[in-house]
Structures are given as structure tokens and as C-alpha cells.
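Work through the exercises below with the model open. Each task is followed by its solution.

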Amino acid sequence: MSGQLKNKAAVITGGSRGIGRSIIELFAREGAQVLTCSRSEPKDPLPQGISSLTADVSRSDEVKKLAGEAVSRLGKVDILVNNAGVQVEKTVVDSTDEDFETLMGVNTWGVFALCREFIPLMAGNGGGTIINIGSISADHADPSMALYNASKAFVHGLTRSIAVDHGHQGIRCNAICPGTVRTNMSEHRIEAFAAERGATKEEVLDTYIDQKLPHHQPMRRFITAEEIAAAAVYLCSDAGAAMRGAAFTIDGGWLTR
Ligand code: NDP
């Protein structure tokens, strides 16, 4: 099916690479007008027709700039996908104040500030759909990821509150909770994991898919960014109208195991 997002205007943060990149590309193919942002220019040029700007979602002035540009470039906003995120691989004891500020600035304050900015715009236009990219780490403690795990629990909690408080204004809000998708972020984690254990990267990768090992992924492969993008399209399309406040897990059976 194509054209599921025809006539929709979407703001998607962190579209320069990884999961966000797949979401912006699929949304554009499904007919949406897309505006994305990241702190640095995308290394690979974006497909024609996708609008982008450099903006840091952890900064108040840049969130305002993004909202202003969204209105002037798109004319309206029907969809907000809070995808931009960062990771710090440390325990509580090892995390510094700066780690806290950096990670929470993007993963929690940025999500809150963008929702606060865009909900009135959407509501004034008859409603809209918000997707916050959470994680399976919100409900399960990935070792040495204390602040990251906590930030994603915040994202799921905020998602539920928005769904409840703003549903009557036509706002749908859901979280997508991916398992491991191979992107810059997860590569960094896999490399750190290998270094900690004195293992090779390949040995660590095997632990995800070898069914004999306790941490294997039942699907026996990683999740693709395209699979996350397809779920985002569903949640933003008319077919997903009854989805509200959900934490939509796409993890290849990791948590169930
Ligand atoms: P990547 O690091 O590959 O991409 C992150 C994107 O966000 C980049 O475009 C980056 O661009 C942008 N970004 C980061 N910080 C900011 C900021 N302050 N302001 C604006 N843009 C920013 O990560 P993934 O694609 O893996 O992750 C995307 C989302 O999915 C994140 O929320 C992550 O927590 C979540 N997730 C990922 C999983 C995985 O296995 N990969 C699993 C579960 C959840 P730039 O650096 O130029 O700003």
C-alpha cells in the first residue's frame, strides 16, 4: 500500500541517519511532506523533497526555531516523531553531571519541549499524531545504561499522559520501543560491550542470534530500521486511529524470551 500519509505534514527529529533516516524516507514515499533536523548536516544527502535544518532539540531556542520553520515550510503539522536520541553507556556511579544534562536534555527535555510546542499547533488544526521513540530499555535494565534506561521510561510515561490529557483534542500519542537496530548508536554499544568482555565484535554479535546463549534474540537477526519506520507509518495512518498511549514493542521477541 502507498499514499497512506498523503496530505500529511510531518516533523521528524534526528532524520540524518539510523532509524530516523528510514522513517523520513518511508514517510516521504507514503506521501507526507517531511521536515527533519539534526545537530550536524547529514553525511548522505537527503532524498529530494525532504526538508531539513540543523537544530539541537535539547536547546530551547532551537526547538522554537524548528516549530517556526515547520509552520513556514509545511503550513501545518499533522505528525511529530520524536526520534532524536543519545546514549551514555555507564552505571549511575560512573555517570557525571554532564552526562545527565546531555542525555536528559535530548532524550527527556527535548521530547517534552517538542510535544509542548507542537500539541497546540496540532490541536488548533483538528488534531495530530505524535510518536515518541522509546525503547525496550524502558522496561528492562540494559546493564551499564542507567541514565539511558531511565530516560526511556520517562518517554513512555510522558506518552501515556499526552494520550490521556490531549486525546479529546484529536491528539494520538504512542511510543515505539525498538529492540536492537544496527545504527551508529548500537554499534557503539556493541563495541563497548566487546571491549568490556575482551571479546571481538563478531563474538558479541553472535550472542544476539545464537539460540544456545541466554541473551539470544528469538528472531535470530536484528531489527531493521525499515521495520521501525513501517510501524511508524501504521501508527500515523488511519488504520492506527485506535492506538493511544501504547508502547509498541518491535524487538524480535527479545523481551518475551
Ligand atoms: P543514531 O545515533 O544512529 O541517530 C540519532 C539521530 O538523532 C541522528 O540523526 C542525530 O544527528 C540525531 N540527534 C542526536 N542528538 C540530537 C539533538 N540533540 N538534536 C537533534 N538531533 C539529534 O541513533 P538511532 O537511529 O539508533 O536512534 C534513534 C532513536 O531510536 C533514539 O531515540 C534511540 O534511543 C532509539 N532506539 C535505538 C535503538 C537501536 O538499537 N539503535 C534501540 C531502541 C531505541 P546529530 O548527531 O547530527 O545530531
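**Exercise 1. Find which element gives the most to the shell around the ligand.**

Solution. α5 gives the most, with three residues. This is a predicted model: local features need pLDDT of at least 70, side-chain atom pairs count only at pLDDT 80 or more, and totals for chains, interfaces and linings use all residues. Residues are numbered from 1 along each chain as its sequence is written, and side-chain values use heavy atoms, with hydrogens and water left out.

**Exercise 2. Describe the shell around the ligand.**

Solution. Start with the count: 29 residues surround the ligand (a heavy atom within 4 Å). The closest are Ser-16, Arg-39, Ser-40, Tyr-148 and Thr-183. Next, sort by class: eleven are nonpolar, 14 polar and four charged. Here Ala, Val, Leu, Ile, Met, Phe, Trp, Tyr, Cys and Pro count as nonpolar, Asp, Glu, Lys and Arg as charged, and the others, Gly among them, as polar.

**Exercise 3. Locate ligand oxygen atoms beside polar protein atoms, then find how much of the ligand is covered.**

Solution. Take the side chain first. A polar atom of the Ser-16 side chain lies 2.6 Å from a ligand oxygen. Now the backbone. A polar backbone atom of Asn-83 is 2.8 Å from an oxygen atom of the ligand. For Val-181, a backbone N or O atom lies 2.8 Å from a ligand oxygen. Finally, coverage: alone, the ligand has 890 Å² of accessible area, and the protein covers 96% of that (Shrake-Rupley method, 1.4 Å probe).

Methods: A polar contact is a pair of N or O atoms within 3.5 Å; within protein, one must be able to donate a hydrogen and the other to accept it, and residues adjacent in sequence count only if both atoms are side-chain atoms. Helices (H or I, at least four residues) and strands (E, at least two) are DSSP runs, numbered from the N terminus.
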